[in-house]
Amino acid sequence: MLLGQTIICGLLLGGMYALIAIGMTLIMGVMKIINLAHGALVMVGMYVTYVCSKNFGIDPYIGMFIAMPVLFLLGCLIQKYMINRLVEVDSILPENQVLLTVGIMLVLTEVARLLFKSDYRSVTTTYSSDTVFLGAMSISVPLLIGFFIAMLFTFMLHLFLTKTDLGKSIRATSQDRDAAVYMGINSSKITMITFGIGAALAAAGGSLLLPLFYLFPDVGHLFTAKSFIITILGGLGSTMGAAVGGLILGLAESLGATYISMGYKDVVGLVIFILVLLFLPGGFRSLVKR
Amino acid sequence: MLNKKFLMTIAFILLAVLIPVFIKAPYQLHIFILIIIWAIIGTSWNLLGGYAGQVSFGHAAFFGLGAYSAGLLTLHYGLSPWWGILLGPVVAALAALPIGMICFRLRGPYFALAMLALGEIFRLVFLNVTDFTNGAKGILIMPAITSKMFYYYTGLGMLAITLLATFLIVHSKVGYYLVAIREDQDAATSLGIPTTLYKNLALLPSAFFTGLAGAFYMNYVAFIDPNIVFNLTNISVMAILVVMLGGVATTWGPTIGAAIYIFLGELFRTTLGSANVLIFGILVCVIIMFLPNGIAGELDLLKRVTQRKKASVSGGV
Amino acid sequence: MSFFEARAITKKFGGLTAVSSLSFNVEQGEIFGVIGPNGSGKTTVFNMISRFFPLTSGEIYFKEKRIDMLPAHNICKIGIGRTFQVVKPLRRMTVIENIIAGAFLRTGSIVKARHKAEEIIEFCNLGKYTDSEAKGLPIPLRKRLEIARALATEPELLLLDETCAGLNPRESEAAIDLIRRIRDTGVTIIIIEHIMKVMMGISDRILAINFGKEIAMGKPQEVANTPEVIKAYLGDAYA
């Protein structure tokens with residue numbers, strides 16, 4: 001029974017990780033940059049939802065609909081006024097875009113620290129500690145709600161990317177930026193919107209995880225690391241890959257925490273990360289294709 | 001032109017040697033010692049990242065290995081941590097061999113990510129092998145020497161060796177090959193350059209001297225724990241920033257960057273209180289956006305533009 | 001055995017056969033042209049010789065030694081230099097530094113490498129640009145720099161990929177003159193070009209390929225008159 005519960009909890013958690021990672025993979029796909037500020041965006045989204053809940057009594061699952069537009073705007077601004085500028089700069093190391101995201105990460109984290117101190121905070125709702133029983137397994141209610149909202153968002157994003165003109169433009173830019181530009185796609189607008197959507201998804205994922213995680217300014221690092229592992233597992237730029245990658249990571253973490261020592265579970269994740277980088281550069285999808 | 005450069009170098013060395021004559025306050029000397037440590041780290045990182053173009057997000061691994069080599073010698077064998085100055089760099093360089101073999105299979109951002117993950121693995125392992133490393137409790141030693149002046153000159157000597165070694169490497173065949181690899185790996189291969197071999201030739205001294213800085217840090221600060229010396233943000237990322245601040249692929253850039261980093265850090269810390277890291281973060285963004293090749297790198301460019309001269313030195317070669 | 005021999009070399013990318021069982025010999029001291037329409041597999045042939053791609057099948061011999069197993073960087077060491085169709089200058093290095101980087105293959109001494117580079121700059125008429133950064137050079141000069149850099153590695157066989165593409169007639173003339181002078185120093189040359197006129201003038205022999213297969217080989221005039229070649233270049237109506 002322990003195994004069953006471990007697996008289900010892992011998958012549910014993984015669904016929410018997936019939402020955050022999809023945000024990162026969208027940004028990576030379109031911009032071809034590694035966004036080390038992604039976790040910080042999750043953190044900001046969590047604080048927005050937290051403030052809504054603490055100061056205005058708004059339920060976190062409603063608060064996320066405030067956090068998402070706020071983060072969308074923040075993402076657009078970061079992309080437009082900071083990252084896009086670097087395209088024109090002639091630097092010796094192309095990785096300076098990555099470093100810029102480190103700078104952004106520092107700024108966001110420290111602003112949060114100034115406003116909220118380094119305290120550990122959490123949101124409690126009436127249903128926070130509720131559980132439902134599935135046979136002999138008890139599943140926490142926030143985990144269940146979070147998972148279903150995350151899956152709903154993933155599905156809606158999938159529809160958006162495949163059915164709408166804007167979504168198709170984003171995918172086109174992701175596949176071949178030059179060709180997309182020749183076809184008349186305004187790539188700077190697309191990158192801006194993509195970063196906005198990526199940030200909004202990060203906020204959504206963060207808000208869903210808020211009832212389950214402690215919130216503090218440095219919590220972002222955790223999510224950056226998780227998103228990376230998921231994106232690499234799923235293959236860069238692939239939405240569905242990230243969704244499956246998220247589930248896998250959630251499962252692995254849950255199993256690892258139960259059956260391997262807590263201390264080494266992160267090591268296992270990182271080793272898998274390097275192995276996938278080396279041997280499966282396209283993520284687990286390259287296994288399927290073979 | 002060469003003479004002017006030579007004279008400036010001499011002046012710089014004289015200044016560095018004379019600093020403790022004028023500045024005797026321990027706190028101020030402490031600042032200069034920190035600058036020296038960061039200058040060594042930055043100069044080492046610059047060899048691999050700046051010249052060879054292999055941006056490592058995991059140099060904390062080498063720094064930490066150097067520091068722990070010194071610390072563990074004392075903890076387990078009761079030896080003076082100064083033996084770590086010899087052992088630390090060697091351990092770091094030995095670790096660099098397999099790390100290079102793994103990570104140089106990857107290019108560009110993938111290399112950066114793999115190094116990042118490796119650095120974190122080292123931190124986590126050192127946290128968890130508590131029997132051997134003391135885990136998160138860290139290692140505390142009682143330094144035999146407390147004179148700041150002593151540490152200043154020892155550190156300065158190490159920095160001088162690091163700078164000289166880097167300078168000699170960069171101005172040799174290896175240096176040309178490294179820059180060629182950075183500029184275009186396919187072109188480099190077509191010129192008969194075994195790119196993986198030369199990347200390793202940059203990584204080894206880079207790890208060696210970063211390990212040296214780590215071992216010296218252990219001796220000077222006398223306390224380490226995995227979260228300090230294997231830290232991703234405070235060591236690995238700062239190593240890159242120091243170089244970016246000062247000048248990518250320049251001889252003196254990392255030293256200048258280290259000075260700016262430490263001075264500004266201290267200035268912000270004393271005047272701005274808790275906002276200091278925030279201001280520093282903003283500064284980082286501004287520098288990357290407006291001076292992408294660092295202050296020394298862009299000065300060069302500025303000079304070239306104003307003098308309307310054809311470039312005589314480029315890519316730091 | 002010839003100076004250079006390709007035996008039934010084949011390259012497949014997934015289901016696509018880019019080069020299919022191609023064989024040819026090159027004799028020492030000749031200029032050997034490879035022509036074909038865009039996408040016919042010319043550059044793939046160079047990438048196979050210089051080992052940027054592994055062969056799917058076939059063998060390559062150079063000076064009686066098999067070379068298709070060597071790692072890419074050793075190809076240059078044994079005396080085969082190449083240029084790239086899309087030029088790859090070492091952008092932030094000056095012209096002379098680019099060439100020095102090539103010259104280091106045969107010497108470890110910076111003085112000797114620099115001396116060698118100066119000779120080559122003279123030979124290639126790049127004197128005016130010695131200390132210019134490569135990224136600032138216009139295309140014709142970049143192409144010449146590419147040749148100069150390859151020459152610095154002291155090749156016995158030089159692979160030139162579309163040296164004249166994108167050049168105006170005068171620049172083209174200068175490039176052809178340079179290629180001839182290189183040949184006169186004893187270097188064997190394989191040149192890719194899809195401009196027939198250029199090839200007719202300088203090649204001793206020409207191999208014409210289309211869809212990765214040989215369609216004609218021989219003296220320039222013979223090849224130009226082969227119906228398959230005319231068809232490949234001008235369409236069925238002219239054959």
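**Entry 1: Pro194(B)**

I started at Pro194(B), which I found in the loop between helix 9 (185-190) and helix 10 of chain B. Since this is a predicted model, I keep in mind that everything I note here is computed. I counted 18 other C-beta atoms within 10 Å of Pro194(B), so I put it down as partly exposed. I then looked up Tyr177(B), 17 residues apart from Pro194(B) along the chain, and got a C-alpha separation of 9.2 Å.

**Entry 2: two positive phi values**

Next I went through backbone angles. Ala222(B) is not a glycine, yet I read a positive phi of about 70° for it. I traced Ala222(B) to the loop between helix 10 (195-221) and strand 2 (223-224) of chain B. With 16 other C-beta atoms within 10 Å, Ala222(B) is partly exposed.

Phe211(C) gave me another case: its phi is positive, near 50°, and it is a residue other than glycine. I placed Phe211(C) in the loop between strand 9 (205-210) and strand 10 (213-218) of chain C. Its count is 15 other C-beta atoms within 10 Å, so Phe211(C) is partly exposed.

**Entry 3: Ala259(B)**

Is Ala259(B) buried or exposed? I found 21 other C-beta atoms within 10 Å of Ala259(B); the cut-off for buried is 20 or more, so Ala259(B) is buried. The residue belongs to helix 13 (residues 253-272) of chain B. I also checked Ile31(B): it is 228 residues apart from Ala259(B) in sequence, but the two C-alpha atoms are 9.0 Å apart in space.

**Entry 4: the nonpolar core**

I looked up the largest nonpolar core and got 270 residues, with Ala18(A), Ala203(A) and Ala180(B) having the most contacts inside it. Which element gives the largest share of this core? My note says helix 1 (residues 2-31) of chain A, with 16 residues.

I stayed with Ala18(A) a little longer. Setting aside neighbours within four places in sequence, I listed its contacts as Ala150(A), Thr154(A), Ile230(A), Ala242(A), Ala243(A), Gly246(A) and Leu247(A).

**Entry 5: helix 8 of chain A and its partners**

I took helix 2 (residues 38-56) of chain A and helix 8 of chain A as a pair; their axes come within 7 Å and cross at roughly 55°. The two helices are therefore oblique to each other, and I logged their crossing as right-handed. From helix 2 of chain A, the contact uses His38(A), Leu41(A), Val42(A), Met43(A), Gly45(A), Met46(A), Val48(A) and Thr49(A), which meet Ala199(A), Ala202(A), Ala203(A), Gly205(A), Gly206(A) and Ser207(A) of helix 8 of chain A. By class I have 8 nonpolar, 6 polar and no charged residues in this contact. Ala203(A) turns up here as well as among the core residues with the most contacts.

I then turned to helix 6 (residues 165-175) of chain A, which packs on helix 8 (residues 187-209) of chain A at an angle of about 105°, with the axes 10 Å apart. That makes helix 6 of chain A roughly perpendicular to helix 8 of chain A. Here Ser169(A), Ile170(A) and Thr173(A) of helix 6 meet Ser187(A), Ile190(A) and Thr194(A) of helix 8, both in chain A. I sorted the residues of this contact into 2 nonpolar, 4 polar and no charged.

**Entry 6: helices 4 and 5 of chain B**

Back in chain B, I read an angle of about 140° between helix 4 (residues 83-103) and helix 5, with axes 10 Å apart. That makes helix 4 of chain B oblique to helix 5 of chain B, and the crossing is right-handed. Ile99(B), Ile102(B) and Cys103(B) in helix 4 of chain B meet Phe111(B), Ala114(B), Met115(B) and Leu118(B) in helix 5 of chain B. The classes came out as 7 nonpolar, no polar and no charged residues.

**Entry 7: where the chains touch**

For chains A and B, I have 39 residues from chain B and 32 residues from chain A in the contact. On the chain B side, the elements giving two or more residues are helix 2 (26-51), helix 5 (108-128), helix 12 (232-246) and helix 14 (276-290). Helix 5 of chain B supplies the largest share of that side, 13 residues. I divided the chain B side into 30 nonpolar, 7 polar and 2 charged residues.

My last look-up was chain C against chain B: 25 residues of chain C are in contact with 22 residues of chain B. Helix 2 (72-77) and helix 3 (95-103) of chain C each supply at least two residues of the chain C side. That side has 9 nonpolar, 7 polar and 9 charged residues.

Note on methods
Residues numbered from 1 in each chain as written. Chains lettered and ligands numbered in written order. Predicted model: local features only at pLDDT ≥ 70, side-chain atom pairs only at ≥ 80, totals over all residues. Axes fitted to C-alpha atoms, helices over the stretch in contact; angles between N-to-C directions. Helix = DSSP H or I, 4+ residues; strand = E, 2+ residues; numbered from the N terminus. Parallel < 35°, antiparallel > 145°, perpendicular 65-115°, else oblique. Contact = placed C-beta atoms within 7 Å. Nonpolar A, V, L, I, M, F, W, Y, C, P; charged D, E, K, R; others polar. Left-handed = near helix turned anticlockwise from the far one by under 90°. Core = buried A, V, L, I, M, F, W, Y, C linked by C-beta atoms within 7 Å. Buried ≥ 20, exposed ≤ 12 C-beta atoms within 10 Å, placed from the backbone.
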